[in-house]
Amino acid sequence: MSEKTKTGVVANELRSNKKPWIYSLGLVLFLLCVLTVIYNNAHNKIINDRATKQFNEVAEMRQKISEEISAVAADLVYFSHSSLALETLAHLDPSAKEYLASLMRKIGELKKSFDQIRVLDAKGKEVIRLNQRADQTMAILAETELQNKSDRYYFKDASALPPEHIYLSRFDLNQENGQVQLPLNPVIRLATPIHSAAGQLLGVGLLNYRGNRLYELLNKMSVHEGDLVYLLNDAGYYLWHPNHSKEWGFMLPERSAFNFAKDNPQAWNLIHAEETGSFSLASGEYYFSTFELAPSADFKVTISEKITLLMHVPSRIIDESSHLLLVGLALVFLVLAPILVFLGWKLGVSQNRQAQLLSKLAFEARHDALTGLENRKAIMEHLEREVLRFYRNKKPLSVGFIDVNYLKRVNDRLGHEQGDEMIKGAAKAILDVIRCSDNAARIGGDEFLIVLPECSIDGANQTMQRIEKMFASFGRRINADWSLSYGCSQLENDDDSAEKAVARADAKMYQFKQAQRQTVKP
Ligand SMILES: Nc1nc2c(ncn2[C@@H]2O[C@H](COP(=O)(O)OP(=O)(O)OP(=O)(O)O)[C@@H](O)[C@H]2O)c(=O)[nH]1
């Protein structure tokens with residue numbers, strides 16, 4: 001086998017050995033790519049779903065707060081602009097006051113969300129006042145307990161409004177006698193001026209809406225575990241904080257440090273940039289909506305406060321969802337990767353086997369099984385090519401024909417194994433003697449053909465002699481009398497052909513054999 005062929009075979013083998021690895025790694029890489037695509041899609045979907053959910057939640061809560069305040073405004077308008085209120089304040093009907101108080105009590109006990117319900121006259125003196133009891137019933141205060149509130153901002157602001165307009169105080173803590181009421185009592189005061197038919201101010205209707213009712217709504221918000229909900233006033237103070245001890249910093253000096261705007265100036269600027277939106281910071285995602293704490297547009301609202309509903313998804317929660325996804329996909333990888341490695345390996349091995357089988361078949365189709373030399377078909381193709389080269393460059397081309405003598409007799413007398421040894425001996429002698437550029441083939445039972453490019457007939461005959469000698473020496477080693485006959489021919493001109501050259505060499509070999517037979521007695 002030539003060095004070149006040997007290198008080719010080694011390269012093929014190396015390639016074959018790598019195939020199972022390549023297929024296994026290829027499939028694992030494919031799995032990694034698929035899982036990466038799945039991760040990206042799932043991750044984006046989680047982000048989008050979360051954004052949609054949070055936006056919807058914030059919008060829904062804003063709507064609920066607006067509906068709640070609208071219902072409170074409707075209650076205020078209902079008793080304040082009733083004929084009973086007019087008759088009471090204008091002193092038209094002495095029994096009207098009693099009916100009005102009874103109506104106000106009904107409203108208070110039905111809704112259970114009012115700390116106080118009052119009617120003040122035009123001078124700010126309480127005419128009717130109901131306080132909510134601990135059991136949520138309403139107590140009508142006696143005449144002696146009624147106070148003058150003319151100096152309070154809510155009376156002044158409300159009495160200055162046009163007819164039927166509504167005033168909403170800021171959302172803050174109720175104060176009694178200049179002190180913050182304890183336990184803390186968050187309230188929103190809704191007030192509306194009461195005018196006579198002629199447009200004269202008769203008094204003010206007033207409701208103290210309990211902020212705790214808003215908190216109940218906020219508590220019902222369906223937030224994902226770990227998400228944080230804040231309600232902020234327009235100065236960034238917490239009206240609602242998951243940690244309630246941070247609320248009301250603008251009213252309680254000891255809590256004045258707790259302010260979202262101060263703690264998160266970057267987030268606060270972004271919140272102020274638009275009414276509703278979202279943004280992401282290192283601390284997590286934020287979804288917000290800033291709106292007026294006011295009833296729906298059906299009411300004429302003159303003064304109200306802007307508040308911000310803010311939902312914060314901490315980065316820890318975001319990372320957790322990504323982490324869970326990663327862990328899930330890692331598990332899928334750990335389950336599938338060994339299966340794919342196994343399948344890739346099997347595929348590579350079976351492809352190797354198939355390739356080896358094919359190359360063995362291809363080799364066998366062109367080679368002799370006993371000697372490993374080429375067969376007739378292969379050497380004739382080779383000779384055809386050499387003949388074409390001879391036509392072109394006219395360099396001498398010779399053919400040697402060898403026939404082993406007395407093979408039949410060896411077979412018959414000593415057995416086929418000895419006969420085979422004889423054939424293999426002839427092949428070995430040929431291969432040991434010819435040049436690398438020569439080609440030899442076994443073309444029949446005991447016949448061999450040798451193609452000798454760039455070799456004259458004399459050179460070919462000398463080569464045959466050397467083969468004959470070497471073959472005989474092999475025989476002597478086993479005390480056998482091995483001999484062979486040979487004949488050579490040289491390509492002559494452009495009319496000459498491979499077949500003709502082989503036939504001439506065969507004829508020469510035959511003559512040689514005849515001559516041998518006459519001189520050497522078997
Ligand atoms: N052991 C063995 N014998 C083979 C093989 N191929 C062919 N033969 C036998 O070789 C013998 C060849 O017979 P012949 O053509 O008469 O050749 P020979 O006996 O060498 O006689 P000459 O060629 O005339 O010298 C036949 O009996 C074949 O069966 C083989 O691969 N191994």
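A residue counts as buried if 20 or more other C-beta atoms lie within 10 Å of its own, exposed if 12 or fewer do, and partly exposed in between, with C-beta atoms placed from the backbone. Helices (H or I, at least four residues) and strands (E, at least two) are DSSP runs, numbered from the N terminus.

Before you start: this is a predicted model, where local features need pLDDT of at least 70 and side-chain atom pairs count only at pLDDT 80 or more, while totals for chains, interfaces and linings use all residues. Residues are numbered from 1 along each chain as its sequence is written.

**Exercise 1. Helix α11**

Find the buried residues of α11 and say which elements they pack against.

Solution.
- Step 1: go along α11 (416-433) and pick out G419, M422, I423, G425, A426, A427, A429, I430 and V433, which are buried.
- Step 2: look at what these buried residues pack against, taking contact as C-beta atoms, placed from the backbone, within 7 Å. You should find β16, α10, β17 (439-442), β18 (447-453), α12 (457-477) and β19 (484-490).
- Step 3: check the length. The expected span is 1.5 Å times one less than the number of residues. For the 18 residues of α11 that gives 26 Å, and the end C-alpha atoms are 26 Å apart, so the two agree.

**Exercise 2. Around the ligand**

Work out how many residues surround the ligand, and which elements give two or more of them.

Solution.
- Step 1: use the cut-off, a C-beta atom, placed from the backbone, within 6 Å of the molecule. That gives 15 residues, and the closest are L407, K408, H416, G419 and G445.
- Step 2: sort them by element. β16 (397-404), α10 (407-414) and α11 (416-433) each give two or more residues to this shell.
- Step 3: sort them by class. Ala, Val, Leu, Ile, Met, Phe, Trp, Tyr, Cys and Pro count as nonpolar, Asp, Glu, Lys and Arg as charged, and the others, Gly among them, as polar. The shell splits into five nonpolar, five polar and five charged residues.
- Step 4: link back to Exercise 1. G419 is one of the closest residues to the ligand, and G419 is also buried in α11.

**Exercise 3. The sides of helix α9**

Decide where the buried residues of α9 lie around its axis.

Solution.
- Step 1: get the length. Helix α9 (residues 376-393) has 18 residues and reaches 25 Å from first C-alpha to last, close to the 26 Å expected at 1.5 Å a residue.
- Step 2: list the buried residues of α9, namely I379, L383, E386, V387 and F390.
- Step 3: take the arc, meaning that of the directions from the helix axis to the C-beta atoms. The buried set covers only 110°, which puts these residues on the same side of α9.
- Step 4: recall the helix rule. An α-helix has 3.6 residues a turn, so residues three or four places apart point the same way.
- Step 5: turn to the other side of α9, where L388 and R392 are exposed.
- Step 6: see what covers the buried residues of α9; the cover includes β16, β17, β18 and α13 (498-519).
- Step 7: step just past α9 to K394, which takes a positive phi of about 60°.

**Exercise 4. The nonpolar cores**

Which residues of the largest nonpolar core touch the most other members?

Solution.
- Step 1: build the core as a set of buried Ala, Val, Leu, Ile, Met, Phe, Trp, Tyr and Cys residues joined through C-beta atoms within 7 Å. Of its 61 residues, L190 and L232 touch the most other members.
- Step 2: ask where its residues come from. Helix α1 (residues 3-80) supplies the largest share, eight residues.
- Step 3: follow L190. Beyond residues up to four places away in sequence, L190 touches V72, A73, L76, I166, L168, L207 and Y209.
- Step 4: find the other core lying apart from it, with 44 residues, among them L373, Y486, V502 and F512.

**Exercise 5. Two positive phi values**

Are K112 and N479 exposed or partly exposed?

Solution.
- Step 1: place K112 in the loop between α3 (96-111) and β1 (114-121); its phi is near 60°.
- Step 2: count for K112. There are 13 other C-beta atoms within 10 Å, so K112 is partly exposed.
- Step 3: place N479 in the loop between α12 and β19; its phi is about 55°, although N479 is not a glycine.
- Step 4: count for N479. With 6 C-beta neighbours inside 10 Å, N479 counts as exposed.

Terms used:
Contact = placed C-beta atoms within 7 Å.
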